[in-house]
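Okay, thanks for coming, everyone. Let me put the structure up, and then I'll walk you through a few spots.

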Amino acid sequence: MGALILPPDGSLTTTLADLLSNSLVLRQTAPYLPVSAVYALAATSKALWGIVHNSPEVFRYLDLSTVKSAVVPYEPLDSGGISWRAERMDESLTEDEFYSGPLRGIFSKLERRRLLQHVHTLVLDGLSVPADLVREIISEDRFNVRILSIREVRNLNERKLMQVLRYVVRPSRPAGTPRIKGIYFFGPRDPAPAQDEPSKKKPPPSRGITSSQGAKIGAEWNQKSSNALNAALARTDDKWYQGSGRMMAKRPSLEWAETLKACEGIIFFDAVLCRGPRHDPSKAYISDGPSTSLPNPSSFLNPAIASVALGPSGCETCHSCPEIPAIFGQSPASQFPLLSPLPLHSSSVRAAQMPRTLKGSRPPPLFVRCEECLKGRWCERCHKWWDENCYTGSAIAQRTELQQTEFTESIQTNGTTHLIPKQTIKIIGVRRDCFGCGHTCISCKELFIRRCRTCGNEYCIEDNDASSDTRCDWCNYTSRRTVEMY
Ligand SMILES: [Zn+2]
Ligand SMILES: [Zn+2]
Ligand SMILES: [Zn+2]
Ligand SMILES: [Zn+2]
Ligand SMILES: [Zn+2]
């Protein structure tokens, strides 16, 4: 959609009302407006008030993460919070009720206006969202939320949330439940749109445009639509489909992995389970008793969330992997994470999972794994990795020299081609040579690790700050100090 052109005379509100009364236009634009702007817009004219309060489209995508009244006012309970809290302590509030107070207030307001049931995508990122409130959103009839985003929320008891999720997906659940289809929880919340890019300059100061609220909202709206257009044009591939490495700030627990397994095919998340062969009891090595030796590198692993994005090219040697890589449109939906940012114009899991590709290009295969399945096989610097078929690996991360036969073509004088075998040594696997670099492949080691000309020790030119091209930080520093002293 293009940017909205504002007429410089006073006809702004009429134009907006005309435009917004078209449900298609409304559906396309409403998600770009913060809730405060929607209400301010409604306050500018009777026509707009009617549109906002009578169109279910306006609240289909509801982002409360930027709404001031959704924030718990005093936190933690300090002296400043006493008055707000004291008022309510008589009503014997539980701690959960206290922390969910502001959101409950908004929900009951929306319910009274019969708007709550139209909310299909609800964004509560960064807010105070106790598990009980999530339970209500998921299981109470007054809600109709399909996609819920609760990333980086506060006061959420994760264990309680997992219990809620396992309960709503229990085999004996009523038909047609749960209505919730997707939950964003594991990834970071979407960054606020950048303000400082040249194409996103603030609109010029009031030239003909009145400073009325309507005009302000209009300008803001103009801004939003042009931001959205810029984002659409500059859109790159999704992080999950690139060699992005670690996708989550902390490693998700075994309990979370088991919860995802219980929800498989019913509720989808912004994370998926690792499908590495070691999680498959029919393929993994299962020991039949306590062993004294090092753990077998192919022993069975409990379910784990795939937290590392490996990029579209697969194993460095065979360009595939033992588990069939997930291809959007072909593989089961449970193999795909919900992608960020949340879709604005649809509340379906498919829309949330669909990778954005250039027009006409097919979505790349998705290679994701848990860290345990990548131990010793994945370079944390360049994200190159080797699968179980191409590198046996060991319990200790190390690099291995591998003899490989490469064939070069040679064309004979009579026109026939001969293949000439040539033995080459390839070094595969990873090792930790530098704490800062993490486990790296041999090419990354050669790029960053040097041998000091003075003391002969290895050092990292990136992570050892005071080092030079030829000397480690210690020798470099010592030689400088010696020069300075004499
Ligand atoms: Zn391979
Ligand atoms: Zn795994
Ligand atoms: Zn590397
Ligand atoms: Zn380093
Ligand atoms: Zn040195």
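So, Cys441: buried or exposed? Cys441 is buried, at a relative accessible area of 1%. Keep in mind that what you see is a predicted model, so I'm quoting computed numbers throughout.

Cys441 has a job to do in the coordinates here: its SG is one of the donors to the zinc ion, ligand 3, along with the SG atoms of Cys379, Cys382 and Cys444. The distances run from 2.2 to 2.3 Å. Angles among the four donor atoms come out at 105 to 114°, and the site is tetrahedral. Along the sequence, the spacing reads C-x2-C-x58-C-x2-C.

What does that x58 stretch mean for the fold? Cys382 sits in the loop between strand S10 (368-369) and strand S11 (399-411), while Cys441 is in the loop between strand S14 (438-440) and helix H12 (442-448), so the pair ties together parts that are 59 residues apart in sequence. Cys441, again, is buried, whereas Cys382 is partly exposed, with 36% relative accessibility.

Since S11 came up, let's look at that strand. S11 runs antiparallel to strand S12, residues 417-429, and 13 bridges join the two. If you want one pair to click on, take Glu401, whose bridge partner in S12 is Ile427. The hairpin has five residues between the strands, and Gly415 there takes a positive phi near 95°.

Now the other zinc site, ligand 5. Which residues coordinate this zinc ion? Cys452, Cys455, Cys472 and Cys475, each through SG, at 2.3 to 2.4 Å. The donor angles span 100 to 115°, which makes the arrangement tetrahedral. The spacing for ligand 5 is C-x2-C-x16-C-x2-C. On accessibility, Cys452 is buried at 4%, and Cys455 is partly exposed at 37%.

Last stop, for the docking people: the second largest pocket. It holds about 390 Å³ of space. There are 24 lining residues, and the closest to the centre are Lys261, Glu264, Leu273, Cys274 and Arg275. Helix H10 (254-263), strand S6 (268-269) and strand S7 (272-273) each put at least two residues into the lining. How does the lining split by class? You get 14 nonpolar, six polar and four charged residues.

That's my tour. Happy to go back to any of these spots on the screen.

Terms used. Residues numbered from 1 in each chain as written. Chains lettered and ligands numbered in written order. Predicted model: local features only at pLDDT ≥ 70, side-chain atom pairs only at ≥ 80, totals over all residues. Heavy atoms only, no water. Donors = N, O, S within 2.8 Å, 3.2 Å for Na, K, Ca; no water. Tetrahedral: all angles 85-135°; square planar, octahedral: opposite > 155°, others 65-115°. Helix = DSSP H or I, 4+ residues; strand = E, 2+ residues; numbered from the N terminus. Buried < 20%, exposed > 50% of the residue type's maximum accessible area, 1.4 Å probe, protein only. Pairing = 2+ DSSP bridges. 1 Å grid on protein atoms, 1.4 Å probe; cavity = no way out; pocket = protein on both sides within 12 Å on 5 of 7 lines; lining within 4 Å. Points joined across faces, edges and corners; volume = space filled by probe spheres on them. Nonpolar A, V, L, I, M, F, W, Y, C, P; charged D, E, K, R; others polar.
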